[in-house]
Structure formats: structure tokens, C-alpha cells
Amino acid sequence: MARIAVGGFQHETNTFAPQRASWADFERADAWPGFIRGPELIPAVHGYNIPIAGAVEALQQLGHELVPLCWCSAPPSSYVERDAYEKAAGAILEDLAAAGAAEGHIDGIYLDLHGAMVTEHYQDGEGELLRRIRALVGDKLPIVTSLDFHTNLTPEMVRHASAMIGYRTYPHIDMAATGGRAARLLDRLLKDRRPLYKAYRQIDFLIPLVWQCTLMEPTKGIFALIEEIERGSPDVPGATAGARTPGGSHNQGIVSITHTPGFPPADIRECGPALVVYGHDRETAEAAADRIAAVIKHREPAFAGKLYTPEEAVAEALRLSQNAAKPVILADVQDNPGAGGTSDTVGILRALIAHRAKGAVIGMMVDPEAAAAAESAGEGALLPCGVGAKVGYAGEIPVEAKWRIVRLGTGHFTGTGPMYGGAKFNIGPMALVTDEDSGVSAVLAAKRIQANDKEMFRHVGVEPAEVPILVLKSTVHFRADFQPIAEEILCVRSPGAHVTDPAELLYRNLRPGLRLTPLGPVRE
């Protein structure tokens, strides 16, 4: 039995978003727990589909003694404020020191990190945290982390962590499972007492989030290749005839592979896709890294698809819905709060009303003012204010209409979908409001949350499978719970802080030679 310190610090930073992450954002609970520290961490994360929950369960099953540090996350936004970063990072370092990590009283460390954190004072929030931990505990102590799929995997992160294990699904239905994988690798490192060789590669083009989905090609095939290489199978999809395929952990020494497609709206030098192969044999690890990088490069032209304007999308949805047996879903991909969007822009809402798309529902419209006003006015009353655009992104203004308050909700409910199953939501007050003239409805919430669980709608009386047109403020995550009920999905390019095309962003810090989009312009 070993003494394992466990903790985490998560934030996905869109440096182009209008709202920064304060310490209050990390303290506050939404779908996941708020800031937790010490012994209460272990029961607080139980049952959630988050990496630390999976890691804790796996480490306990393996018989290790857990030393809880702290864990916190904040909704994706712009830069993490200096004060917030230093409080969370400081708590982790303080707790490690108190546990005797510098004196050898800790045998290993597991950290639940995101991998795309940018702060007011550091481009690489995770790399800096790991550097500080290494300075405390030395070079030999095993440190294993889990990483989000959208990690911007930096050289410093790879240097300071013994191993890093990333999600393999987008939508992220394997978050807890990834924590479990990381924990089992940490256990293996402790037993083998052999350091891993690291073969690290950066890819030279940015991949928009909307085309990173693992339910579709080309990303689906890339991760199938990675799993085949880990297993050591000679029959790798897309392999060149006669090519030597690196084997798995039992024959040629490959222990684990992490590929992170990156988070494009981050103005940092090391932004972009990357991968790292861990193994005991240098030649095999390097060959595997080269092979995966070559396949990603070969598939570069396939990272593309159609994006509709709001007017085009609503017109097409109305046409499709005439003969549809299931909802037509419009994905508001640029106002995704899971990528730093405000979740209150109104481009699609205005198009729905203009086309009088009766029965259409949009969510989640994050408007604390309107949600509170609905709660005060009560069901059946008219909403005394406009809906959405309270942040005012892109110069938008709220939508004024005869908004009837149909249903109120507290915002307290439990998620049931593949990604948020078991999550204890706290995003209220909430309300369902309907424009009496057009018949278009909006689901209001008080806290930013991505629309990727059907319970968000059911909480205010809407059964998603029964509406003709459903608009979701999400880029890809919604597909886990909503794709099975969709007649068709249309991706819409409406105003939002998550700008889908990186070539439209005004980067200042990207490294030279990086293409801003697949087959796109090169950063000079």
C-alpha cells in the first residue's frame, strides 16, 4: 500500500472570451462540486463523471491510502485571475508540504488537470503548477495526471509529469474512466519502479472544436489507431501496407498514448494538437509517435464541414421538421459556454421569432436577470424584461417580446445523460418562457452551463424529444445525450465568444509556422 496524494485544479481558458475566472467562480458549485479541501474531498466527488472520482475509486480498490489535497473547477471563460490561480495552486502546494511530500512521506501524486488553463500571469497554468510541485518533491516522485481532450499539451507539462492520460471521447463520456486509467498507471509506476520514456509531438495546424468529435471521422479513426497501437495489433486501420506497427505494453514496451486535439481559442505559444507516447523502449515509442502524427497530418483535409447562418439554419429546420418524426437540432456552436461563450447571444433566437417557428425551444439561455424576474413575477405572468444579450457580446441587445412565464424551476436536479449522469445541478433559478406571438420558447438559467443533458429541459416541463426544433448552446457535447433523439443536426455559426474559425482570431503569441486552420494560413 502506498500513500497517494490526490487533488485537482481545472479550467479551460478561452483568452478571447469577455469574462474572466475569479476565485468566486472556483468556489461556486454548478453541475460539479465547488472548491473542496481535505478529507471532505473523497465523499464530495463520489458518483460524478469527473476524473478525480474515477481515480479515487481505482486507487481505493488497489488498496492505497489517499491523502486528499484540494479540488476545484470553474466554467470555461477568459483568463484565470492571478488571485484565483495563486489561491488554488497555493492550497495544493501547502497540503503537499503538510503531508510531508518533500520529506518522502508521499509515494505518488495524482492530479485532475484540464490542460488548457491560461492565467493573467502564466500562459501555461498547468505547466507552472507542475513545475512548482517538482521543485517541492524532487524529480523521482511519480506524478500522474488526467487531462481534458482539449488540452494544449505543452513541453513543460510533459517534462514535469511522469505521465499524462487524456480523455478519448468528445463528447467526454469517459472522464471518470480516464481518472481510473491514470490511477492504474500510477500504481504500475510504483510497482515497476521504472521511469517511462516520452515521445512528444506537436501537430502544425489548429483543429476547430466542432470537427474534433470522436463520433465522426476523421477523429474517430485517429483514436481507433491509437487504441490498436496500444494493444499491439498488427492490423491498424489506415496503416501503410507492410509498415511495422509498434506493439503494446506486453510485447514492445508501449505503456500509454495520449493525443489531445487542442483548444484553439487560446492565445499562447504552445496552442494546438499534440501527442505523447509513453514506453520502456525509446525506438518503439518514437516510431509510434511518428506514425500517429503522420496519420493526423494525412487526414488534415477531413477536418471540415458545413456551418449554417442563423437564417439558413432556421429555414432548413422548418423545412425538415414538416416531415420529421424527431426534433431537428440546431447547435449554436459559437455561443458554447463550455468553450468560453456567454450562453446568452440571440442570433438564432431572433431568427426563430422572425420565421415564427412555433414550438421551437432554445436553451440554455443564461440570463440571471430574466430568470430572477421570472421567479419574482410567477408562473402565468408576463416577463417584465427582455431575454438574453445581457453581456452584450458583439453589440447585441435583449430580445423584447410578449414573454409568458410558463414554468419555473429551482435549478436543482440530477443529470441523467452519458456525460452529466449523476451530476447535482445547481444553476437556478430557471424558467421556461414563451413568446405569445411566435410560439418560440426559451429556457432560462442563472449560471453558465452547456446544454448537454435532457434533464435541463425536463426540469421546466419540456420533453426534448417532443419539440419540432431544439436549439442547443453547445458545440459537440450535446451529441452524447441528444443525437439519439435527433432527426438531423445542423451546426450554426451565430455570434459567440467561441469563434469557430481560428483564422478570424487576432493571435499575438502563437509559435511561427502553425497553420491557423486545417490547410489554412500559416502563422508568420
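**A walk through helix packing**

The buried residues of helix α3 pack against a varied set of elements: strands β1 (3–10), β3 (65–73), β4 (108–113) and β5 (143–147), together with helices α2 (41–45) and α7 (175–192). Keep in mind as you look around that this is a predicted model. Helix α3 itself spans residues 51–61 and is mostly covered, with eight of its eleven residues buried. If you would like to find them, the buried residues of α3 are Pro51, Ile52, Ala53, Gly54, Ala55, Val56, Ala58 and Leu59. Follow the chain just past the end of α3 and you reach Gly63, which takes a positive phi of about 90 degrees.

Let us turn next to pairs of helices. Two packed helices are described by the angle between their axes and the distance between the axes. Start with helix α4 (residues 82–98) and helix α5 (residues 125–137), whose axes come within 11 Å and cross at roughly 25 degrees. Angles under 35 degrees count as roughly parallel, so α4 is roughly parallel to α5. The crossing of these two helices, α4 and α5, is right-handed. On the α4 side, the residues that meet α5 are Tyr85, Glu86, Ala89, Ile92, Leu93, Leu96 and Ala97, and their partners in α5 are Gly125, Glu128, Leu129, Arg132, Ile133 and Leu136. Sorted by character, the residues of this contact between α4 and α5 comprise nine nonpolar, one polar and three charged. As a reminder for reading such lists, an α-helix has 3.6 residues a turn, so residues three or four places apart point the same way.

Now move along to helix α10 (residues 310–321) and helix α11 (residues 347–354), which pack at an angle of about 45 degrees with their axes 9 Å apart. The helices α10 and α11 are therefore oblique to each other. Their crossing, that of α10 and α11, is right-handed. Here Pro310, Glu311 and Val314 of α10 make the contact with Gly347, Ile348, Ala351 and Leu352 of α11. The residues in this contact of α10 with α11 divide into five nonpolar, one polar and one charged.

Finally, come back towards the start of the chain for a single residue, Asp25, in helix α1 (residues 23–27). Asp25 has a relative accessible area of 18%, and because buried means under 20%, Asp25 counts as buried. Its side chain has two polar partners worth inspecting. A polar atom of the Asp25 side chain lies 2.9 Å from the backbone nitrogen of Ser22, and the side chain of Asp25 also makes a polar contact with the side chain of Arg28 (2.9 Å). Beyond its neighbours within four places in sequence, Asp25 is in contact with Arg20, Ser73, Ala74 and Pro75.

Definitions and conventions:
Residues numbered from 1 in each chain as written. Predicted model: local features only at pLDDT ≥ 70, side-chain atom pairs only at ≥ 80, totals over all residues. Heavy atoms only, no water. Helix = DSSP H or I, 4+ residues; strand = E, 2+ residues; numbered from the N terminus. Buried < 20%, exposed > 50% of the residue type's maximum accessible area, 1.4 Å probe, protein only. Polar contact = N/O pair within 3.5 Å; in protein donor to acceptor, adjacent residues only side chain to side chain. Contact = heavy atoms within 4.5 Å. Axes fitted to C-alpha atoms, helices over the stretch in contact; angles between N-to-C directions. Parallel < 35°, antiparallel > 145°, perpendicular 65-115°, else oblique. Left-handed = near helix turned anticlockwise from the far one by under 90°. Nonpolar A, V, L, I, M, F, W, Y, C, P; charged D, E, K, R; others polar.
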